[in-house]
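This report describes a single protein model for a reader who is new to structural analysis. Please keep the sequence and the three-dimensional view at hand while reading.

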Amino acid sequence: MKTKLSPIVAGTMNWGIWDKKLATSEMEHLMNICIENKITTFDLADIYGDYTTESDFGKAFKQSKIDRKKMQLISKCGIQHTNGRNNPVKHYDYSKKYIIWSVENSLKNLQTDYIDVLLLHRPSPLMVADEIAEAVAQLKKEGKIIDFGLSNFTPSQTELIRQKTEVNYNQIQFSATHHEAMVDGSLDYMELHKIRPMSWNPLGTVFREDIEQTRRLKKLLAQLVEKYHLGSDTILLAWVMKHPAKVIPVAGTVNIARIQALMKAVEMELDPLDWFAIWTESMGNKVP
C-alpha cells in the first residue's frame, strides 16, 4: 500500500524547541493554514526537539479538532540521541522491540491511533533486515502504521531492507545545491523500484550560504523570478519536483505567506532549459 501524501509536505523539525519554539496555539494555527492550502501531510520524527516536538504537535492537534482523516502524519525512529534521553553515546537502534516501542511512544505523543508513514531515520551498520521486517509486519497488522519507508538510505541499503519488506518511500537530501542523488543512482533506483522520494531541505543552501555557488544561483533566479512572476523558493521547489522520480519536497517554513505560496510550485511549468540552467549554475560548469 502507498499512502497518498500531499504534493508538498510540511516539515515540523523547526516548530519546537530546536528553533521557533511555537506555542500550542501557534502550532494549531499553522496546521490549519497548511491544510487550508492543501498541504495535508506533516513530517515529524521522534528525535525532533530532543524528543519533545511530537508531544507538542500532539497537543496542538488535539486542540485543533482537525479530522484525522484529513491529514497524514509521517514519523521517523531509530536515532538514540544523548540529548533528551539517558544515552552515553549517540547510536541507532533498529531492534524489533525498539521500533515497536518507539512507534507506540510516538502514537501516545501525537495523540493518534496510527502513523501514515513510518521511516527509519538513518541507516545503521548493525541493522538486521529480518528484525526490521518483523517489526513492520506487526505494526501494520495492528494498524499502528499504514505505510513504511526509509530516510537517508543508499540504494544498496534500501535493497537490503526491500528484500524483506515493502519499501515505499525514502527521504533524502535533494535540492539545486545538493543534486548528487540524480547522478549517483539514488533517484534512478527509486524510480526503478517505485519508491517515492521525499526531499528534506529542498531549497538547499541558496538562502543560507553566501558562496560562489549560491551567488551564481541567486543571479539566475532573479531573472527567472521576472520571467515566471513567482518567488525564488517556488522556482527551486519546482526544480526539485520536475525530476521524473516525482520527488515530494518537505518544506520547513513557518512563514504563513510562504506556506500559502508553496503549492504554486506544483502547478508551475518550469521550462526544461531553465531547469538545466539552474543545474549548470549550481555546478559552475556545463552539464557533462
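Strand β8 and strand β9 (residues 196-200) pair in the parallel sense over five bridges, where helices (H or I, at least four residues) and strands (E, at least two) are DSSP runs numbered from the N terminus, and two strands pair if DSSP finds at least two bridges between them. The model is a predicted one, in which local features need pLDDT of at least 70 and side-chain atom pairs count only at pLDDT 80 or more, while totals for chains, interfaces and linings use all residues. Residues are numbered from 1 along each chain as its sequence is written, and side-chain values use heavy atoms, with hydrogens and water left out.

## Strand β8 and its partners

Within the pairing of β8 with β9, I172 stands opposite S199 in β9. Strand β7 (residues 145-151) also runs parallel to β8, and three bridges join these two strands. Here S151 is the residue opposite Q171 in β8. Helix α7 (residues 186-192) joins the picture as well: β8, α7 and β9 form a right-handed β-α-β unit. Right-handed means that, with the strands pointing away from the viewer, the path from the first strand over the helix to the second runs clockwise.

Is β8 enclosed by the rest of the structure or not, and why? Four of the five residues of β8 (residues 169-173) are buried, so the strand is largely enclosed by the rest of the structure. Buried means under 20% relative accessible area, exposed over 50%, and partly exposed in between (1.4 Å probe, protein chains only).

## Salt bridges

Side chains of opposite charge can pair when their charged atoms come close. A salt bridge is counted when a side-chain nitrogen of Lys or Arg is within 4 Å of a carboxyl oxygen of Asp or Glu. By this rule the count comes to eleven salt bridges. Three of them are listed below.

| Pair | N to O distance |
|---|---|
| D43 and K76 | 2.8 Å |
| E104 and K144 | 2.6 Å |
| D274 and K227 | 2.7 Å |

The side chains of D43 and K76 meet in a salt bridge. This pair links distant parts of the chain, with D43 in strand β2 (residues 41-43) and K76 in strand β3 (residues 72-77), 33 residues apart. D43 counts as buried because its relative accessibility is 2%, and K76 counts as buried at 1%.

E104 and K144 also meet through their side chains in a salt bridge. E104 lies in helix α4 (residues 96-110) and K144 in the loop between α5 (129-141) and β7, 40 residues apart. E104 counts as partly exposed, at 34% relative accessibility. A network of salt bridges links E104, E142 and K144.

The third pair in the table is D274 and K227. D274 lies in helix α12 (residues 272-283) and K227 in helix α8 (residues 212-228), so the pair ties together parts that are 47 residues apart in sequence. D274 is buried, with a relative accessible area of 12%, whereas K227 is partly exposed at 45%.

## Empty space in the model

Rolling a probe the size of a water molecule over the atoms shows where empty space is left. On a 1 Å grid over the protein atoms alone, a cavity is a set of points where a 1.4 Å probe fits but cannot get out, and a pocket is an open set with protein on both sides within 12 Å along at least five of seven lines; lining residues have an atom within 4 Å of a point. Grid points are joined across faces, edges and corners, and a volume is the space filled by probe spheres set on the points.

The largest pocket holds about 830 Å³ of space. Of its 35 lining residues, the closest to its centre are M13, N201, R208, V250 and G252.

The second largest pocket holds about 180 Å³. Its lining includes I172 and Q173, along with F153 and D184.

The structure holds one cavity of 30 Å³ or more, and the largest cavity has a volume of about 40 Å³. Among the residues that line this cavity are V9, W15, C34 and L262.

## Two lysines with positive phi

K38 has a positive phi of about 65° although it is not a glycine. K38 is placed in the loop between α1 (24-36) and β2, and is exposed at 61% relative accessible area. K194, likewise not a glycine, has a positive phi of about 55°. K194 is found in the loop between α7 and β9 and is exposed, with a relative accessible area of 63%.
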